Amino acid sequence: MKKMLTTLFWPILKFFEVGQEPPNYKSSHRLALNVLGALFVFLSGVSAVSAFYSEVTIGAVIPIIVFFLVGLVALVIGSLGTNRAVAKIWGTK
């Protein structure tokens, strides 16, 4: 299953997996990235529900899409990415 998902999300992963192995990677970075991704996906859902009930669909589409995409990228890198990708998304060198 992981191999299939890695193949599916390869365009996202290949951007973050280039470069050298980071010297100061910590497993807490991966956990924090997964939590951050889940929070952004949750925020996207909350934005979608509030947009549905307030009947403002056009103006609320941008935050829904942005929050969902940021959360998706964070979850993909946090769960499928290498240590290099996780360190690169945090900007640690």
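How many helices and how many strands does the secondary structure of the chain contain? Display the whole chain as a cartoon to find out: there are five helices and zero strands. Please note that this is a predicted model.

**The whole chain.** Begin at the N terminus and follow the cartoon onward; the elements run α-α-α-α-α. With the display reduced to C-alpha atoms, these atoms fill a box of roughly 50 × 25 × 20 Å, taken along the principal axes. Next, colour the chain by relative accessible area. The chain has 93 residues, of which 25% count as buried.

**Helices α3 and α4.** Select residues 27–54, which form helix α3, and then add residues 61–80, which form helix α4. The axes of α3 and α4 come within 7 Å of each other and cross at roughly 155 degrees. Because angles over 145 degrees count as roughly antiparallel, α3 is described as roughly antiparallel to α4. Rotate the view until one of these helices lies in front of the other, and consider the handedness: the crossing of α3 and α4 is left-handed.

**The nonpolar patch.** Now show the side chains of Val61, Ile65, Phe68 and Leu69, together with the molecular surface. These residues make a nonpolar surface patch of about 340 Å².

**Leu69.** Finally, centre the view on Leu69, a residue of helix α4 and a member of the patch. Is Leu69 buried, partly exposed or exposed? Its relative accessible area is 45%. Since partly exposed residues lie between the cut-offs of 20% and 50%, Leu69 counts as partly exposed.

Key:
Residues numbered from 1 in each chain as written. Predicted model: local features only at pLDDT ≥ 70, side-chain atom pairs only at ≥ 80, totals over all residues. Heavy atoms only, no water. Patch = residues over 30% accessible without salt bridge, like charges linked within 9 Å, V, L, I, M, F, W, Y side chains within 5 Å. Areas by Shrake-Rupley, 256 points an atom, 1.4 Å probe, with all protein chains shown as cover. Salt bridge = Lys/Arg side-chain N within 4 Å of Asp/Glu carboxyl O. Helix = DSSP H or I, 4+ residues; strand = E, 2+ residues; numbered from the N terminus. Buried < 20%, exposed > 50% of the residue type's maximum accessible area, 1.4 Å probe, protein only. Axes fitted to C-alpha atoms, helices over the stretch in contact; angles between N-to-C directions. Parallel < 35°, antiparallel > 145°, perpendicular 65-115°, else oblique. Left-handed = near helix turned anticlockwise from the far one by under 90°.
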